[in-house]
Structure formats: C-alpha cells, structure tokens
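Trainee: Could you take me through the sheet in this model, strand by strand? I would like to follow the pairing, the turns and the packing slowly.

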Amino acid sequence: AFKAVRKGKAVSLVTLKSHLLTNYPGKILSVDMRRKSGVYYYQIRLLTAGNRIRSVSLNALSLKQDQP
C-alpha cells in the first residue's frame with residue numbers, strides 16, 4: 001500500500017479511515033489492498049452497529065465504491 005500511495009495511485013490509510021468513518025458507520029475490522037487490471041482497490045471489512053459484517057470494495061484513489 002505504501003508504494004501505491006507514494007506513486008499517487010492510492011490515498012493514504014489515514015484518508016481512507018476518515019472516509020470510512022464518515023460514509024460507512026461501524027468498526028473497521030480489516031483493510032487489504034488489491035490490484036485489478038492495473039487499478040488499486042481497498043477491500044474493507046466492517047462490523048456494523050447490528051453486529052453484521054459488511055464488505056466494501058473502494059477504488060483506492062477515488063474512494064468510489066467498486067461495482068462488481
């Protein structure tokens with residue numbers, strides 16, 4: 001993740017965390033970075049207030065939700 005951030009291909013984890021706290025309520029369980037067709041994505045697992053696990057895939061640069 002550090003190389004992708006340094007090369008300008010992804011936002012920092014601090015920026016990602018701020019975005020998640022604002023737009024996806026819940027506790028962050030894990031964050032992984034994946035690359036698909038040269039584009040980086042953050043794969044996030046959240047624990048919701050209802051104790052459900054929610055998986056979210058966000059473009060690592062724009063933070064827009066990935067459409068499967």
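Mentor: Here is a walk through the sheet, its turns and its packing.

A word first on what you are looking at: this is a predicted model, where local features need pLDDT of at least 70, side-chain atom pairs count only at pLDDT 80 or more, and totals for chains, interfaces and linings use all residues. Residues are numbered from 1 along each chain as its sequence is written, and side-chain values use heavy atoms, with hydrogens and water left out.

Let's begin with the layout. The sheet is open and has three strands in the order β1-β2-β3, with antiparallel pairing. Its edge strands are β1 and β3, since each pairs on one side only. On average, neighbouring strands are turned by 20° against each other, direction ignored. For that angle, axes are lines fitted to C-alpha atoms (for helices over the stretch in contact), and angles run from 0 to 180 degrees between N-to-C directions. The element names come from DSSP runs numbered from the N terminus: helices are H or I with at least four residues, strands are E with at least two. Two strands pair if DSSP finds at least two bridges between them. In general, strands of a sheet pair through backbone hydrogen bonds, either parallel or antiparallel.

Now the two pairings. Strand β1 covers residues 27-36 and strand β2 covers residues 39-47; nine bridges join them, and they run antiparallel. One of the partnerships links Lys36 to Val39 in β2. On the other side, seven bridges join β2 to β3 (residues 53-59), again antiparallel. Here Ile44 stands opposite Val56 in β3, and Tyr42 has Leu58 as its bridge partner in β3.

Next, look at the turns. The hairpin of β1 and β2 has two residues between the strands. Ser37 lies in the loop between β1 and β2, and Ser37 has a positive phi of about 55° although it is not a glycine. In general, most residues other than glycine have a negative phi, and most peptide bonds are trans. The hairpin of β2 and β3 has five residues between the strands. Asn51 lies in the loop between β2 and β3, and the phi of Asn51 is also positive, near 60°, in a residue other than glycine.

Are these loop residues buried or exposed? Ser37 counts as exposed because its relative accessibility is 76%, and Asn51 is exposed too, with a relative accessible area of 62%. The cut-offs are these: buried means under 20% relative accessible area, exposed over 50%, and partly exposed in between (1.4 Å probe, protein chains only).

Two strand residues make a good contrast. Ser55 is found in strand β3 and is exposed, with a relative accessible area of 58%. Leaving aside neighbours within four places in sequence, Ser55 is in contact with Ile44 and Arg45, where contact means heavy atoms within 4.5 Å. Tyr41, in strand β2, counts as buried because its relative accessibility is 12%. With neighbours within four places again left aside, the contacts of Tyr41 include Asp32, Met33, Arg34, Lys36, Ser57 and Leu58. Lys36 lies over the face of Tyr41, at 5.0 Å from the ring centre. A charge sits over a ring if NZ of Lys or CZ of Arg is within 6 Å of the ring centre and within 35 degrees of the ring normal.

Finally, see how the sheet takes part in the packing. A nonpolar core is a set of buried Ala, Val, Leu, Ile, Met, Phe, Trp, Tyr and Cys residues joined through side-chain atoms within 4.5 Å. The largest one here has 14 residues, and those touching the most other members are Leu16, Leu20, Tyr24, Tyr42, Ile44, Leu58 and Leu63. The elements giving two or more residues to this core are α2 (13-23), β2 and β3, and β2 gives the most, with four residues. Leu58 is a good residue to click on: not counting residues up to four places away in sequence, Leu58 touches a list of residues including Leu16, Leu20, Tyr24, Tyr42, Ile44 and Leu63.
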